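Visitor: I'd like to learn how to read a fold from its coordinates, one feature at a time. Could you walk me through this one?

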Amino acid sequence: VQLQASGGGLVQPGGSLRLSCAASGRTDSTYAMAWFRQAPGKERDFVAAISGSGGNKFYADSMKGRFTISRVNANNTVYLQMNGLKPEDTAVYYCAAGATVMVVMDKKGYWGQGTQVTVSS
């Protein structure tokens, strides 16, 4: 499975961005997918995850109410809508895929390259 993330950029505090992650390769199975982020000098942290059917979603506490994860299985793409962005949201955002939500949240699945999100005035 290959994952291609896009949609990052520079945004002012309070602004919004939508990240996309397109999966290709062995996508005959519907993988659980997730977003993580990594700020300079810090560990890669969980942001949000979504089950293969899209029926179950999970968020890190600090993202609840601001970030929304969704997916369109017809085009093998998962999205992360980010609203109310804060400077502390600045990080490289990575998408990941795995057989189950638990696998992907344990960082044991497939990884895409990151996309930089910078929140600054």
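**Reading the features**

Guide: Let's start in a loop: N76 counts as partly exposed because its relative accessibility is 28%, and partly exposed is the band between under 20% for buried and over 50% for exposed. Keep in mind that this is a predicted model.

Visitor: Which loop holds N76?

Guide: N76 sits in the loop between strand 7 (67-72) and strand 8 (77-82). Its backbone deserves a look too: phi is positive, about 50 degrees, although N76 is not a glycine.

Visitor: Which residue other than glycine also has a positive phi, near 65 degrees?

Guide: That's K107, with phi near 65 degrees. You'll find K107 in the loop between helix 1 (101-105) and strand 10 (110-111). K107 is partly exposed, because its relative accessibility is 38%.

Visitor: Let's step back to the whole chain. How many helices and strands does the protein have?

Guide: One helix and eleven strands. Reading from the N terminus, the order is β-β-β-β-β-β-β-β-β-α-β-β.

Visitor: And what does the radius of gyration say about the overall shape?

Guide: The idea is to compare it with what a compact globule of that length would give. For 121 residues that would be near 14 Å, and the protein has 13 Å, so the two agree. Along the principal axes, the C-alpha atoms fill a box of roughly 45 × 25 × 25 Å.

Visitor: What share of the residues is buried?

Guide: Of the 121 residues, 41% count as buried. On the outside, the accessible surface comes to about 6100 Å², and carbon and sulfur atoms account for 48% of that.

Visitor: How many positive and negative side chains are there?

Guide: There are 12 positive and 7 negative ones. The centres of the two sets lie 4 Å apart.

Visitor: Now the covalent links. What is a disulfide, and how many does a search of the structure find?

Guide: A disulfide is a covalent bond between the sulfur atoms of two cysteines. Here the search of the whole structure turns up one. It joins C21 to C95, with 2.1 Å from S to S. The two cysteines come from distant parts of the chain, 74 residues apart: C21 is in strand 3 (residues 17-24) and C95 in strand 9 (residues 91-98).

Visitor: Is that link right-handed or left-handed?

Guide: The link of C21 and C95 is right-handed, with 60 degrees about the S-S bond.

Visitor: Are the two cysteines buried or exposed?

Guide: C21 is buried, because its relative accessibility is 0%. C95 is buried as well, because its value is 0%.

Visitor: What about S20, in strand 3? What does it touch?

Guide: S20 is buried, because its relative accessible area of 18% falls under the 20% cut-off. Leaving aside neighbours within four places in sequence, S20 contacts Q4, A5, S6, W35, T77, V78 and Y79.

Visitor: How much of the contact picture comes from far along the chain?

Guide: Take the contacts with a separation of 6 or more: residues 24 or more positions apart account for 55% of them. V11 gives you an example, since V11 and T118 are 107 residues apart in sequence, yet their C-alpha atoms are 6.3 Å apart.

Visitor: Where does V11 lie, and what else does it touch?

Guide: V11 is in strand 2 (residues 9-11). Not counting residues up to four places away, V11 touches S16, L17, L85, T118, V119 and S120. V11 is buried, because its relative accessibility is 12%.

Visitor: Let's try a residue in strand 7, T68. Which residues are its contacts?

Guide: Beyond its neighbours within four places, T68 contacts Y59, Y79, L80 and Q81. T68 and Q81 are 13 residues apart along the chain, and their C-alpha atoms are separated by 5.1 Å. T68 is partly exposed, because its relative accessible area is 39%.

Visitor: One last residue: where is D45, and which residues does it contact?

Guide: D45 is in strand 5 (residues 44-50). Setting aside neighbours within four places, D45 is in contact with F36 and R37. From D45 to M105 you go 60 residues in sequence and 9.7 Å in space, C-alpha to C-alpha. D45 counts as partly exposed, because its relative accessibility is 41%.

Notes. Residues are numbered from 1 along each chain as its sequence is written. This is a predicted model: local features need pLDDT of at least 70, side-chain atom pairs count only at pLDDT 80 or more; totals for chains, interfaces and linings use all residues. Side-chain values use heavy atoms; hydrogens and water are left out. Helices (H or I, at least four residues) and strands (E, at least two) are DSSP runs, numbered from the N terminus. The radius of gyration is taken over C-alpha atoms; the globule rule is 2.2 Å times the number of residues to the power 0.38. Buried means under 20% relative accessible area, exposed over 50%, partly exposed in between (1.4 Å probe, protein chains only). Contact means heavy atoms within 4.5 Å. Accessible areas come from the Shrake-Rupley method with a 1.4 Å probe; for residues, only the protein chains shown count as cover. Lys and Arg count as positive and Asp and Glu as negative; His and the chain ends are not counted. The place of a charge is taken as NZ of Lys, CZ of Arg, CG of Asp or CD of Glu. A disulfide is a pair of cysteine sulfur atoms within 2.5 Å.
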